[in-house]
Amino acid sequence: MKKNIYIAIGLIAVGLGALGVVVPGLPTTPFLLLASWLFYRSSPKLQAWLLASWLGKYIRSYQRRGGMTATQKAGAVGIMTAMVLLSTFVFIPAGSIARIIVPTAGAVGALTVIFFVPNAKNDEE
């Protein structure tokens, strides 16, 4: 039962991680790390699939460096901020509840990258 729950949550995390590649404010790496950990505990085949997929590069880079470089963090936060502002003021109609939700999600994503994602050991790669 526990194995099936881990797999289900892992698949949801992969979906959220994949969405994070294109949705502003939604972080990618934390969801993929969660999925990798869950698959490690429940399904070696799914973990191997995840690491071999196009999303695996995010996990491998994080594991190799032990985190994100300051430059990567700045770039990620900058792109998230730009996309959140673009989405909020260009694509979302005035008065929509999404004008509150999107910037809030963007702020959570930026704070996650800044304060919870470890700094890489080697800032030169």
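# Helices, cores and surface of a predicted chain

Trainee: The protein chain holds 6 helices and 0 strands; what pattern does the protein chain follow when read along the sequence?
Mentor: This is a predicted model, in which local features need pLDDT of at least 70 and side-chain atom pairs count only at pLDDT 80 or more, whereas totals for chains, interfaces and linings use all residues. Residues are numbered from 1 along each chain as its sequence is written, and side-chain values use heavy atoms, with hydrogens and water left out. Helices (H or I, at least four residues) and strands (E, at least two) are DSSP runs numbered from the N terminus. Read in that order, the pattern is α-α-α-α-α-α.

Trainee: What percentage of the 125 residues in the protein chain is buried?
Mentor: Buried means under 20% relative accessible area, exposed means over 50%, and partly exposed is in between, with a 1.4 Å probe and protein chains only. For the overall dimensions, the C-alpha atoms fill a box of roughly 45 × 40 × 25 Å along the principal axes. Of the 125 residues, the buried ones make up 37%.

Trainee: Among contacts with a separation of 6 or more, what share comes from residues 24 or more positions apart?
Mentor: Contact here means heavy atoms within 4.5 Å. Of the contacts in the protein chain with a separation of 6 or more, the share from residues 24 or more positions apart is 62%.

Trainee: Which element gives the largest share of the largest nonpolar core?
Mentor: A nonpolar core is a set of buried Ala, Val, Leu, Ile, Met, Phe, Trp, Tyr and Cys residues joined through side-chain atoms within 4.5 Å. The largest one has 8 residues, namely Ala 13, Val 14, Leu 32, Ala 35, Phe 39, Leu 50, Leu 55 and Ile 59. Two or more residues each come from α1 (2-22) and α2 (29-42). The largest share, 3 residues, comes from α2.

Trainee: Leaving aside neighbours within four places in sequence, which residues does Leu 50 contact?
Mentor: Leu 50 is itself a member of the largest nonpolar core. With neighbours within four places left aside, the contacts of Leu 50 are Val 14, Leu 32, Ala 35, Ser 36, Phe 39, Leu 55, Gly 56 and Ile 59.

Trainee: How many residues does the second, separate core have?
Mentor: Among the members of this second core are Tyr 62, Val 77, Met 80 and Ala 110. The number of residues in this separate core is 7.

Trainee: Why do the rings of Tyr 6 and Trp 37 count as stacked, edge-to-face or tilted?
Mentor: Rings of Phe, Tyr and Trp (its six-membered ring) pair if their centres lie within 6.5 Å, and planes under 30 degrees apart count as stacked, over 60 as edge-to-face and the rest as tilted. The structure holds 1 aromatic pair. The centres of the Tyr 6 and Trp 37 rings are 5.7 Å apart and their planes stand at 50 degrees, so the pair is tilted.

Trainee: How many residues apart are the two partners of this pair along the chain?
Mentor: Tyr 6 counts as buried at 19% relative accessibility, whereas Trp 37 counts as partly exposed at 40%. The pair links distant parts of the chain, with Tyr 6 in helix α1 and Trp 37 in helix α2, and their separation in residues is 31.

Trainee: Leaving aside neighbours within four places in sequence, which residues does Thr 28 contact?
Mentor: Thr 28 is placed in the loop between α1 and α2, and at 11% relative accessibility Thr 28 counts as buried. The C-alpha atoms of Thr 28 and Ala 13, 15 residues apart along the chain, are separated by 9.2 Å. The contacts of Thr 28, with those neighbours left aside, are Gly 17, Gly 20, Val 21 and Tyr 58.

Trainee: And which residues does Thr 29 contact on that basis, leaving aside neighbours within four places in sequence?
Mentor: Thr 29 lies in helix α2 and is buried, with a relative accessible area of 13%. From C-alpha to C-alpha, Thr 29 and Gly 56 are 9.7 Å apart in space and 27 residues apart in sequence. Beyond four places in sequence, the contacts of Thr 29 are Tyr 58 and Tyr 62.

Trainee: Is Ser 61 buried or exposed?
Mentor: Ser 61 lies in helix α4 (residues 56-65), and apart from neighbours within four places in sequence Ser 61 is in contact with Gly 67 and Gln 72. With a relative accessible area of 18%, Ser 61 is buried.
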